[in-house]
Amino acid sequence: MLNPAPLDTVCLNHAPSSKKRVAYFYDSDVGNYAYVSGHPMKPHRMRMAHSLILNYGLYKKMEIYRAKPATKYEMTRFHSDEYIDFLFKVTPDSITKHMTEQAKYNFNDDNPVWDGLFEFCSISAGGSMEAAARLNNRKCDLAINWSGGLHHAKKGEANGFCYVNDIVLAILELLRFHQRVLYIDIDVHHGDGVEEAFYTTDRVMTVSFHQYGDFFPGTGDIDDIGVHDGKNHSVNVPLRPGMDDASYSRVFQQVIKGIMEWYRPGAIVLQCGGDSLSGDRLGSFNLSMRGHANCVNYVKSFNVPTMLVGGGGYTVRNVSRTWAFETGVAVGEEIGPELPYDDYYGYYAPDYVLDVRPSNMPNHNTDQYLNQITTRVLENIKKTTTFSPSVQMTDVPRYPLVPALDEEYEDMMEDEDEDQNKDTRVSPRQVDMYIEPDGELSDDEDMNRISSVLNAIKKRNHLNHNEVTSNPTTDADVSMAEDDSVGTKLDSIEGKTDVPASKESTPLTDVDVLGDAQDEMSE
Ligand SMILES: [Zn+2]
């Protein structure tokens, strides 16, 4: 039996207003990349989260997109040209010949150079930029990119396992349509890269809840509030180890409520770093899965266009659980507790449930301390005297970072899709765009059949392109990947479920992520 979490804070509101159009960005290549051996950052966790999201059936409730990877040019909307040039060309072999650049751009054991680094950054940034563009065009209410959230990257250097700051690029895109954007960071580390990028402007308010005191990156003091027009628009909530669900939700909700009332942002980016969860390899907070997801649920309740991105998180089985659960929160569906069988089932031993429980570690944040910092933070927020920021930021691009997503582009994509899929009843684009309606099946048998075909294909497509390039032996069903026509796809799916004959056959492609707790590389 499960021990209930001490605070069951997530109570999904099923009122009609809580139903959101959700766009989910995922590129199956992302899980194939790996930092160097022993590095705590594992892109594989995005693949594990995605697998749970598929196998819980959440793909039926949202539109799924594979974003165009960001180009060098797009990255230089924030980063310096010379840094991006170097990031583009450097390889693990060549880095040793460039000692000056290595120091200049902060490449080291924390931020190593590895094969596929630039491509990985392109995927992460491309997803967040397209998510922003889709929110701007009101194509969705919530957009999710768990491959994003790399909040430490600086304009001209790598930092804290982050190389390209997808969040800053996404916020620049949001600023084209929104006068004020709110950035919220629940990663256990201070969101220094994003704060620094917008430290002098009142058009972005950054708020970071983080562990503080002899902890990476060392910034994020309560007195760091922004400068010039940005004064009081950087909000820092420095916390001590052991933050639990009850303390966190109280502080989070009071601060965010104050900001929402006072600042009234047109869009929100919520960085959902999973290293604030209990049992993280690097962080020392004590949040349960539900305590973490409560932040998503609370932000969602304001009905403001919102982007969810990933971030840190170094106990990967807990990160994937939580991001899957939070995807459920986004679409208004509470999933779990029994984990569906998937290719990574073995990672979830011994309990195989969708939960991250708090430990009995002490909470070093007293009520008095939390009341003090909350009061100070709220006082500062109220010093932001106007709802209309005074100065137009000069470096906000006039043209879209993502050359897409206007009506013309959508029409073009639809035409192209039709041309390329003349012989199929249902095209891949239609599959990914399809969202299953709520409630009972309709009386229309044809409609129900189309729905079941689309859902089966949607699930199959993403299981396949999830796996085939990385490890064919773990492919959910390689035979399905080889079918091309819709008719045979449907036939091949019927009777095939995701549950194989034996659970013992669970492949573990990356044993490193199961243990390796001794590897104490600090962020
Ligand atoms: Zn972190």
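Gly-160 is buried, since 23 other C-beta atoms sit within 10 Å, and 20 or more is what it takes to earn that label. The structure here is a predicted model, so everything below describes a prediction. Gly-160 is found in the loop that links strand S3 (142-145) and helix H6 (166-174). In the UniProt annotation, from an unreviewed entry, the label "binding site" is given to Asp-110, Gly-160 and Tyr-314. These residues are spread over 205 residues of sequence, yet they cluster in space, with a largest C-alpha distance of 13.6 Å. Asp-110 belongs to the loop between H4 and H5. Asp-110 is also buried, with 20 other C-beta atoms within 10 Å.

Helix H6, at the far end of the loop that holds Gly-160, contains Asp-166. Asp-166 counts as buried because 33 other C-beta atoms lie within 10 Å. Leaving aside residues up to four places away in sequence, Asp-166 touches Ser-124, Ala-125, Ser-128, Gly-148, Leu-150 and Val-309. His-151 is 15 residues from Asp-166 in sequence, and in space the two are 7.6 Å apart, C-alpha to C-alpha.

Now for the sheet. Eight strands make up an open sheet, lined up in the order S2-S1-S3-S8-S7-S4-S5-S6, and the pairing is parallel. Strand S2 (63-65) and S6 are the edge strands; each has a single partner strand, so one side of each has no neighbour in the sheet. On average, neighbouring strands are turned by 15 degrees against each other, direction ignored. Helix H8 (residues 245-263) packs on this sheet, where it touches strand S4 (181-185), S5 and S6. The direction of H8 makes about 175 degrees with that of S5.

Both edges can be followed through their pairings. At one edge, strand S1 (residues 22-25) and S2 are joined in the parallel sense over three bridges, and Phe-25 stands opposite Tyr-65 in S2. At the other edge, strand S5 (residues 204-211) runs parallel to S6, and six bridges join the two. Phe-209 has Val-237 in S6 as its bridge partner.

S6 is an edge strand, but strand S6 (residues 234-239) is still mostly covered, with six of its six residues buried. In a regular strand, side chains alternate between the two faces of the sheet. In S6, Ser-234, Asn-236 and Pro-238 point one way, while Val-235, Val-237 and Leu-239 point the other way, and all are buried.

Helix H3 (residues 81-89) has a buried side made of Tyr-83, Ile-84, Phe-86 and Leu-87. These residues share the same side of H3 because they cover an arc of only 160 degrees around the axis. The exposed residues Asp-81 and Lys-89 are carried on the face turned away from that buried side. What do the buried residues of H3 pack against? Their partners are helix H2 (72-75), helix H4 (99-104) and helix H5 (117-136).

Helix H10 (residues 316-331) is mostly covered, with 15 of its 16 residues buried. From first C-alpha to last, H10 reaches 23 Å, close to the 22 Å expected at 1.5 Å a residue. Right after H10 comes Gly-332, with a positive phi near 85 degrees.

A few spots in the backbone deserve a second look. Most residues other than glycine have a negative phi, and most peptide bonds are trans. Asn-106 has a positive phi of about 65 degrees although it is not a glycine. Asn-106 is in the loop between H4 and H5, and it counts as partly exposed because it has 17 C-beta neighbours inside 10 Å. Asn-232 also has a positive phi, near 70 degrees. Asn-232 is in the loop between S5 and S6, and its 19 C-beta neighbours inside 10 Å make it partly exposed.

Two cis peptide bonds can be listed too. One runs from Phe-216 to Pro-217, with omega near -5 degrees, and Pro-217 is placed in the loop between S5 and S6. Another runs from Ala-349 to Pro-350, with omega near 0 degrees. Pro-350 is in the loop between H10 and helix H11 (367-381).

Notes: Residues are numbered from 1 along each chain as its sequence is written. This is a predicted model: local features need pLDDT of at least 70, side-chain atom pairs count only at pLDDT 80 or more; totals for chains, interfaces and linings use all residues. A residue is buried if 20 or more other C-beta atoms lie within 10 Å of its own, exposed if 12 or fewer, and partly exposed in between; C-beta atoms are placed from the backbone. Helices (H or I, at least four residues) and strands (E, at least two) are DSSP runs, numbered from the N terminus. The arc is that of the directions from the helix axis to the C-beta atoms. Two residues are in contact if their C-beta atoms, placed from the backbone, lie within 7 Å. UniProt positions are given in the numbering used here, feature names are shortened, and annotations may be inferred rather than shown by experiment. Two strands pair if DSSP finds at least two bridges between them. The expected span of a helix is 1.5 Å times one less than its number of residues. Axes are lines fitted to C-alpha atoms, for helices over the stretch in contact, and angles run from 0 to 180 degrees between N-to-C directions.
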